[in-house]
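These are my notebook entries on one structure, written down in the order in which I looked things up.

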Amino acid sequence: MLEASYAQAAGGGGDFSFFLIIALFFAVFYFFMIRPQSKRRREAQDMQNSLGPGDQIVTIGGLHGTVTGVADGEVLLEISPGVEVRFARPAIAKVVQKSGEVIPEPDVPAPAADDVDEPESPVTETRKQD
């Protein structure tokens with residue numbers, strides 16, 4: 001009889017550890033997969049909601065354009081002078097430049113004319129003299 005109570009206690013502890021492992025699995029799954037994905041989705045939605053005329057964007061298909069108008073679920077893009085197309089807001093992948101934002105030019109000093117060294121050509125020319 002004493003042996004039966006030990007067997008029941010051991011079996012009950014096994015069930016508890018199984019549920020603990022499953023709960024731990026779901027917690028790890030949430031923190032490493034679901035939470036980062038929802039954060040990326042929220043950032044993309046914030047970016048799409050902040051679009052305004054004059055913003056330069058890139059669509060998920062790689063099309064570059066300038067926003068000329070924004071409606072509820074659509075964005076009007078100018079892809080070439082006089083050519084405008086409508087896109088769904090979720091099709092906007094990233095904003096390259098916000099309107100009114102100035103992108104500074106990188107400071108790269110121009111080389112002086114005397115400092116320019118011509119690279120040696122790897123091609124050597126040999127001609128036979130007759």
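Before starting, I wrote down the cut-offs I would need: a residue counts as buried under 20% relative accessible area, as exposed over 50%, and as partly exposed in between. I also noted that this is a predicted model.

**Entry 1: arginine 86.** I looked up arginine 86 and found it in strand β4. Its relative accessible area is 60%, and because that is over 50%, arginine 86 is exposed. I then asked which residues arginine 86 touches, leaving out those up to four places away in sequence. They are Glu74, Val75 and Leu76. With glutamate 74, the side chain of arginine 86 makes a polar contact of 3.3 Å. I also checked leucine 76, which is 10 residues from arginine 86 along the chain, and the two C-alpha atoms are separated by 4.6 Å.

**Entry 2: the sheet.** Next I wanted to know in which order the strands of the sheet lie. The sheet is open, its 5 strands follow the order β4-β3-β2-β1-β5, and the pairing is antiparallel. Strands β4 (83–88) and β5 (92–97) stand at the edges with a single partner strand each, so one side of each has no neighbour in the sheet. I noted that neighbouring strands are turned against each other by 45 degrees on average, with direction ignored.

I went through the pairings one by one.

- Strand β1 (residues 56–59) is joined to β2 (residues 64–70) by 3 bridges, and valine 58 has histidine 64 in β2 as its bridge partner.
- Between β2 and β3 (residues 74–80) I found 4 bridges, with threonine 66 opposite glutamate 78 in β3; these two strands form a hairpin with 3 residues between them.
- Strands β3 and β4 pair over 6 bridges, and serine 80 stands opposite valine 83 in β4. Their hairpin has 2 residues between the strands, and glycine 82 takes a positive phi near 85 degrees there.

**Entry 3: the core.** I asked which residues make up the largest nonpolar core. It has 7 residues in all: Met47, Leu51, Ile57, Val67, Val75, Leu77 and Ile92. In soluble globular proteins, nonpolar side chains tend to be buried together. I followed isoleucine 92 further and, setting aside neighbours within four places in sequence, found it in contact with residues including Met47, Gln48, Leu51 and Ile57.

That list led me to glutamine 48, which is in helix α1 (residues 2–49). Is glutamine 48 buried or exposed? Its relative accessibility is 11%, and because this is under 20%, glutamine 48 counts as buried. Besides Ile92, glutamine 48 touches Arg89 and Pro90, again not counting residues up to four places away in sequence.

**Entry 4: the aromatic rings.** A search of the whole structure gave me 4 aromatic pairs. The ring centres of phenylalanine 25 and phenylalanine 26 are 5.7 Å apart and the planes meet at 65 degrees, so I recorded this pair as edge-to-face. For phenylalanine 25 and phenylalanine 29, the centres are 6.3 Å apart and the planes are at 20 degrees, so that pair is stacked. Both phenylalanine 25 and phenylalanine 29 lie in helix α1, 4 residues apart, which is about one turn of the helix. Phenylalanine 25 is exposed at 51% relative accessible area, phenylalanine 26 is exposed at 51%, and phenylalanine 29 is partly exposed at 35%. I closed the entry by noting that ring pairs link Phe25, Phe26 and Phe29 into a cluster.

Key: Residues are numbered from 1 along each chain as its sequence is written. This is a predicted model: local features need pLDDT of at least 70, side-chain atom pairs count only at pLDDT 80 or more; totals for chains, interfaces and linings use all residues. Side-chain values use heavy atoms; hydrogens and water are left out. Buried means under 20% relative accessible area, exposed over 50%, partly exposed in between (1.4 Å probe, protein chains only). Contact means heavy atoms within 4.5 Å. Two strands pair if DSSP finds at least two bridges between them. Axes are lines fitted to C-alpha atoms, for helices over the stretch in contact, and angles run from 0 to 180 degrees between N-to-C directions. A polar contact is a pair of N or O atoms within 3.5 Å; within protein, one must be able to donate a hydrogen and the other to accept it, and residues adjacent in sequence count only if both atoms are side-chain atoms. A nonpolar core is a set of buried Ala, Val, Leu, Ile, Met, Phe, Trp, Tyr and Cys residues joined through side-chain atoms within 4.5 Å. Rings of Phe, Tyr and Trp (its six-membered ring) pair if their centres lie within 6.5 Å; planes under 30 degrees apart count as stacked, over 60 as edge-to-face and the rest as tilted.
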